[in-house]
Amino acid sequence: MKVVYSERHLLHDIHSEIQWGSTVGNYEHAARGEVIRAALAGDTRFEMTAPADHGEAPVRAVHDAGLVDFLTSAWKEFQTVRAQREVFPDTFLHSALRQSMGPARPPVGIVDGLGYWCFETMTPLVEGTYEAARSAVDVALTAADHVLAGDRACYALCRPPGHHAPTSAYGGYCYFNNAAIAAQALVAAGAGRVTILDVDYHHGNGTQQIFYERDDVQYVSVHGDPSEAFPYFTGFADETGSGPGRGSTTNLPIGPGDDNHYDVALRHAVDDLAAFKPSILVVSLGVDTYRLDPVGNLGVSTEAFAAHGRFIASLGLPTVIIQEGGYHLPALGENVSTWLTGFATAG
Ligand code: OKP
Ligand code: ZN
């Protein structure tokens with residue numbers, strides 16, 4: 001299986017996040033990408049390849065032009081306010097602020113722009129964020145190209161991740177929605193109906209929002225119950241799509257439990273996926289469902305990741321596999337390579 005990787009993820013060299021008022025080390029740090037790369041590079045079943053530059057158009061096909069423009073220059077512009085390595089908003093455009101007053105005026109500067117485009121306090125901007133985030137998009141699009149060209153599957157080692165980024169905001173360690181941009185590119189290329197199966201521990205609120213009213217792209221997610229897990233306000237079972245997209249979103253929130261507990265939800269997800277009859281599959285692969293992950297509370301074992309990969313492969317669909325979360329560094333590389341090997345070695 002080809003692995004698409006770019007060392008440009010290292011430019012997104014983040015150190016901190018603000019959790020409930022405490023500044024702590026950011027979980028989504030650059031070592032994640034290197035640990036995964038090292039696990040795959042040493043294995044002859046995987047072939048490391050570089051991404052091709054796809055330009056801005058596929059990003060703008062999914063995201064608001066204002067968000068793309070903002071992220072292009074935000075860090076540099078903020079340096080004129082105060083020289084600072086990592087930049088966070090201090091005020092958010094909370095939905096209640098302008099209740100009964102109509103929508104907010106679009107931002108005119110950098111500090112209002114931060115609160116307008118960002119939705120939480122764990123996703124810093126650093127000097128190389130934009131370049132790395134664009135590179136992660138190229139990694140995802142290149143993996144999609146390989147599958148369009150006939151590869152059964154391809155793995156995109158994306159960093160930063162993407163599934164929390166909706167059309168018009170960034171947050172949840174995500175800037176551009178790599179999986180959604182790849183799915184949209186597949187549709188544009190005439191690949192037919194696309195399903196995005198999101199197995200990250202967190203609900204992919206961004207991906208869900210982008211396709212919520214669409215009937216050509218299905219979104220199916222198994223994730224930690226949003227009553228207690230980030231992003232808290234999306235991912236409940238009664239969110240099933242709207243308008244033409246009614247019925248093409250499936251949310252399967254789950255609480256703590258063992259491999260068997262997880263497998264019940266994954267089987268349900270795959271049943272809904274199969275009923276949609278997609279021609280191609282995009283997997284948002286987060287391994288933060290791992291039993292020792294510091295961010296999640298589920299109980300998935302390393303061995304189970306192999307079974308998950310085999311199970312998804314058994315659907316027989318061309319598959320673009322996109323890296324999302326996974327934060328337990330000692331097992332991160334092995335968990336990803338085990339999932340991919342399970343997929344690659346399935347009948
Ligand atoms: C990104 B991905 C709350 C911690 C939540 C943000 C999680 C973003 C996860 N105190 N941290 O889905 O793995
Ligand atoms: Zn996650």
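Which of the 14 residues around ligand 1 come nearest? They are H163, H164, D200, D288 and Y327. The model is predicted.

**Ligand site**

Ligand 1 sits in the largest pocket. The shell around ligand 1 holds six nonpolar residues, six polar ones and two charged ones. Side-chain N or O atoms of H163, H164 and Y327 approach oxygen atoms of the ligand. The table gives the distances.

| Side chain | Partner | Distance |
|---|---|---|
| H163 | oxygen atom of ligand 1 | 2.6 Å |
| H164 | oxygen atom of ligand 1 | 2.7 Å |
| Y327 | oxygen atom of ligand 1 | 2.5 Å |

How much of the accessible area of ligand 1 does the protein cover? On its own, ligand 1 has 410 Å² of accessible area, and the protein covers 94% of that.

**A serine in helix α10**

S337 belongs to helix α10, which spans residues 329-344. Is S337 buried or exposed? Its relative accessible area is 12%, under the 20% cut-off, so S337 counts as buried. The S337 side chain also makes a contact with the backbone: the backbone oxygen of E334 lies 3.3 Å away.

**Cis peptide bonds**

Most peptide bonds are trans. Two cis bonds deserve a look when the backbone is inspected. The bond from R159 to P160 is cis, with omega near 0 degrees. P160 lies in the loop that joins β5 (153-156) to α6 (178-188). The bond from F230 to P231 is cis as well, with omega near 5 degrees. P231 is in the loop between β7 (217-224) and β8 (249-254).

**Positive phi**

Most residues other than glycine have a negative phi. Where do S100 and K277 lie? S100 is in the loop between α3 (65-78) and α4 (110-117). K277 is in the loop between α8 (259-276) and β9 (280-285).

Neither residue is a glycine, yet phi is positive in S100, near 70 degrees, and in K277, about 55 degrees. Are these two residues buried or exposed? S100 has 78% relative accessibility; that is over 50%, so S100 counts as exposed. K277 has 64%, also over 50%, and therefore counts as exposed.

Key: Residues are numbered from 1 along each chain as its sequence is written. Chains are lettered from A and ligands numbered from 1 in the order in which they are written. This is a predicted model: local features need pLDDT of at least 70, side-chain atom pairs count only at pLDDT 80 or more; totals for chains, interfaces and linings use all residues. Side-chain values use heavy atoms; hydrogens and water are left out. A residue is near a molecule or strand if one of its heavy atoms lies within 4 Å of it. A polar contact is a pair of N or O atoms within 3.5 Å; within protein, one must be able to donate a hydrogen and the other to accept it, and residues adjacent in sequence count only if both atoms are side-chain atoms. Accessible areas come from the Shrake-Rupley method with a 1.4 Å probe; for residues, only the protein chains shown count as cover. On a 1 Å grid over the protein atoms alone, a cavity is a set of points where a 1.4 Å probe fits but cannot get out, and a pocket is an open set with protein on both sides within 12 Å along at least five of seven lines; lining residues have an atom within 4 Å of a point. A molecule sits in a cavity or pocket if more than half of its atoms lie within 2 Å of its grid points. Ala, Val, Leu, Ile, Met, Phe, Trp, Tyr, Cys and Pro count as nonpolar, Asp, Glu, Lys and Arg as charged, and the others, Gly among them, as polar. Helices (H or I, at least four residues) and strands (E, at least two) are DSSP runs, numbered from the N terminus. Buried means under 20% relative accessible area, exposed over 50%, partly exposed in between (1.4 Å probe, protein chains only).
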